[in-house]
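Here's a quick tour of some local features worth a look, from cysteines to rings. Pull up the model and follow along.

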Amino acid sequence: AKHYDQGARVHSDSWGCENVANPRACNLYSFQARSIDEFVYANQNFLVLFAAGNEGGTPVTNVVQGVNLQQGLFTVGAPATFKNGIAVGAAQTSRPRSEMCTADRVCSLENIALFSSKGPTFDGRVKPDMVAPGEDILSPRPSDQTPDSAQCVGDFGTSQTFSGGTSMATPAVAGMAILVREYYLKYNPDDASRNLTSGPLGDGKGPSAALLKATLLSSCRSLSGTFAARAEDGTTSVFNIRNSFNRVRVEGHGRMVIENVLRLPSSDGLRLIVMDRFQIDDGEEHVFQISVQQRGTMKINLAYTDPAGPVQGEFDPRVVLVNNLDLEIECVIGATC
């Protein structure tokens, strides 16, 4: 509340539940997750981002209480299991420093980092929401850390080091969220015109956290590479992301490419339609018609702020969604979709 009162509207968090012996014990809607959702529901222009966790490479048994845990699933840890914000997983970078960088598996932004915690939540929600580069990220070195010659690369000396984790990926998404917020405050998304005073959402409240989330998720594209998981015997298996049934559980919506969604003066053929602070009552239905004049790609994303749900225990499948909103897309008769 203090940070919000001082004007903060985007909050990046690189901490969470850790249970090395049983990371699935952290995959629950905790009291902390509930408290965050409660605060955001009361302050709906406050976007919170959490690191998904680094337990995706933990060796697992196949089944626990009837739930298939293969491929490192169900390892996202609270409070990244919350609803009203963004949980961020980690993709690789092209730096060949990871143990998973081999002649058969070249490190790439198109791969998921082995350690990146995977979803879904035990009540079936998609987590992580998206991924960003989080392996071998150059960052400041703590003053109490002894320099490691293997980490001192190029001219970076002893003041910087390479580090990895979903904690490194989350701030990158938070920084982009701040830029998206500024865009909505200063630009008109209908025609990409800029108003130095304020845009249509620069009315004091600013864009909602749900709009920022929808924008970031709409910018994402699926990774074309691989992800890996370890079995109990320590063997590592590699899976193609796009061919995997668990694709959305590994990468969420994918990796953000923000120029895919924000309309700027330099954008070529991109159109952005925004509806924010929209309310709907129980049992109500709203229909919107969009006319597409030429063949192309259309992305439609629904994000909303939900009241806090019931706290879960370990391996608890109770539904924590209070409002379950459905987005249905239909093509008119005769159209090619």
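## The disulfide

The link of C17 and C26 is left-handed, with -65° about the S-S bond. Keep in mind that this is a predicted model. The sulfur atoms of C17 and C26 sit 2.0 Å apart, and a search of the whole structure turns up 1 disulfide.

How exposed is each end of the link, C17 and C26? C17 counts as partly exposed because its relative accessibility is 38%, which falls between the 20% and 50% cut-offs. C26, on the other hand, is buried, with a relative accessible area of 3%. Another cysteine to glance at is C220, which counts as buried at 3% relative accessibility.

## Two cis peptide bonds

Now for the backbone. Which residues does a cis peptide bond join at an omega of about 0°? Those are A78 and P79. P79 belongs to the loop that runs between strand 4 (67-68) and strand 5 (86-91).

K127 and P128 are also joined by a cis peptide bond, this one with omega at about -5°. To find P128, go to the loop between strand 5 and strand 6 (130-133).

## Positive phi away from glycine

Stay in the loop between strand 4 and strand 5 for a moment, as F74 is there too. Its phi is near 60°, a positive value in a residue other than glycine. Is F74 buried or exposed? With a relative accessible area of 8%, F74 is buried, because anything under 20% goes in that class.

R277 has a positive phi as well, near 55°, and again the residue is not a glycine. You'll find R277 in the segment after strand 14 (255-256). R277 is partly exposed, its relative accessible area being 37%.

## T170 in helix 3

Next, zoom in on helix 3 (residues 166-186), where T170 lies. T170 is buried, and its relative accessible area is 0%. A polar atom of the T170 side chain lies 2.8 Å from the backbone oxygen of T166.

What does T170 touch once its neighbours within four places in sequence are left aside? The contacts include S12, D13 and S14. L49, F50 and A51 are also among them, and so is V88.

## Aromatic rings and an arginine

Last stop, the rings. How many aromatic pairs does a search of the whole structure find? There are 10. Take the pair of F39 and F46: their ring centres are 5.4 Å apart and their planes are at 75°, so the pair is edge-to-face. The angle settles the label because planes over 60 degrees apart count as edge-to-face.

The two phenylalanines are not equally covered: F39 is partly exposed, with a relative accessible area of 24%, while F46 is buried, with 6%. Y4 joins F39 and F46 in one aromatic cluster. Y4 also has a charged partner, since R9 lies over the face of the Y4 ring, at 3.8 Å from the ring centre.

Technical notes. Residues numbered from 1 in each chain as written. Predicted model: local features only at pLDDT ≥ 70, side-chain atom pairs only at ≥ 80, totals over all residues. Heavy atoms only, no water. Helix = DSSP H or I, 4+ residues; strand = E, 2+ residues; numbered from the N terminus. Buried < 20%, exposed > 50% of the residue type's maximum accessible area, 1.4 Å probe, protein only. Disulfide = S-S within 2.5 Å. Polar contact = N/O pair within 3.5 Å; in protein donor to acceptor, adjacent residues only side chain to side chain. Contact = heavy atoms within 4.5 Å. Phe/Tyr/Trp six-rings, centres within 6.5 Å; stacked < 30°, edge-to-face > 60°. Lys NZ or Arg CZ within 6 Å of the ring centre and 35° of its normal.
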